[in-house]
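Biologist: Please take me closely through one part of this model, the helices and the spaces that they line. I would like every term to come with its cut-offs.

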Amino acid sequence: ALAKAMLARLETLQVPAGRGRLLLDLSRAEVEVWQAHNVKRQDPVSKLLLSREEQQQREIEARHRAVRLCEQCIATAKRIDDIDVVEESAVVMWNLGRDLASGAQRHRVHKSFQKCAEILEEVQSTSLVPLRVHLHFEVACCEIAQDLLTKGRVELHRAKALDYTVPQQELPQAVQQQIGAEDDPAPFLRRLDAPIDQQLHILSWKLNLYEEPTDPADQVMLLLDQVQKQGASAGKLTYNLLAQGFGKLDAALEDVVGEKLQSLEDTFTPPPRVLASSEALQPLPHQAPATAQE
């Protein structure tokens, strides 16, 4: 409420163009999103509170408007050569728009994230290198979702080319305890390398028109990628794809451990129900005390 009153007061004043106006717009974007999530609104016709679907749509629209406003702030700050406001606007955009970077709402932040990543690269921002990696990765996911595979691969290579390594002494204490003396700390210092490599591996097979994967794991990976693109109405096709993937994995398992499977028994032998000892068993945690037959 105080922030809303302050914004209303500032809007009545003659705020000079430039840095002051940009900071005011960033504050307005944050306040609008906060109000959409925390302040209830009534339907103007029925005078009742909005339904759950209407409230969710209201929050999505508020975040979308805030991201677009932040995009304008970034472009204006670059034009007036104010690098600090460029980075501040990029951080606000990421905080307000990351909830939209998934599922059906991904297209709302695609162009804004792409523009933000390009401007941060142009100004050579070094303090926001981890954010630049996240932006390139999300833009790549948006491109891949639209079947723009070549553009998605370019964005993934841009993300991997950035040096966003976190010093080991700056990691949280819980993470430092997980890293042993002989363990490789790279997965903890560059956490996005694993999903980036996974996406690049999938794209390498999807863009290869003349070869097909021979590894059953790669074959099943491509089948699962097709399953993720299917809608709710394609139940039978989804079942067929999953059954095909299961058959490939089952056949590969038999080839790998075929001899070991043949040595196992086909019938299940239950454990004996009568205890030979007459001494009482000690109770186990979360179990009732057990006694033996005499």
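Modeller: Helices here are DSSP runs of H or I with at least four residues, and strands are runs of E with at least two, numbered from the N terminus. The model is predicted, so to speak of local features a pLDDT of at least 70 is needed, side-chain atom pairs count only at 80 or more, and totals for chains, interfaces and linings use all residues. Residues are numbered from 1 along each chain as its sequence is written, and side-chain values use heavy atoms, without hydrogens and water.

Helix H3 covers residues 52-79, and its 28 residues, at 1.5 Å each (times one less than their number), should span 40 Å, which agrees with the 41 Å between its end C-alpha atoms. After H3 comes aspartate 81, with a positive phi near 60°.

Further along, Gln114, Ala117, Glu118, His136, Val139, Glu155 and Arg158 line the largest cavity (on a 1 Å grid over the protein atoms alone, points where a 1.4 Å probe fits but cannot get out, with lining residues having an atom within 4 Å of a point). At least two of these lining residues come from each of H5, H6 and helix H7 (149-161), and H5 contributes the most, with 3.

Helix H6 (129-145) also supplies at least two residues to the lining of the largest pocket, as do helix H10 (193-206) and helix H11 (216-229) (a pocket being an open set with protein on both sides within 12 Å along at least five of seven lines). Of the 14 residues lining that pocket, Ile144, Gln199, Ile202, Asp225 and Gln228 lie nearest its centre.
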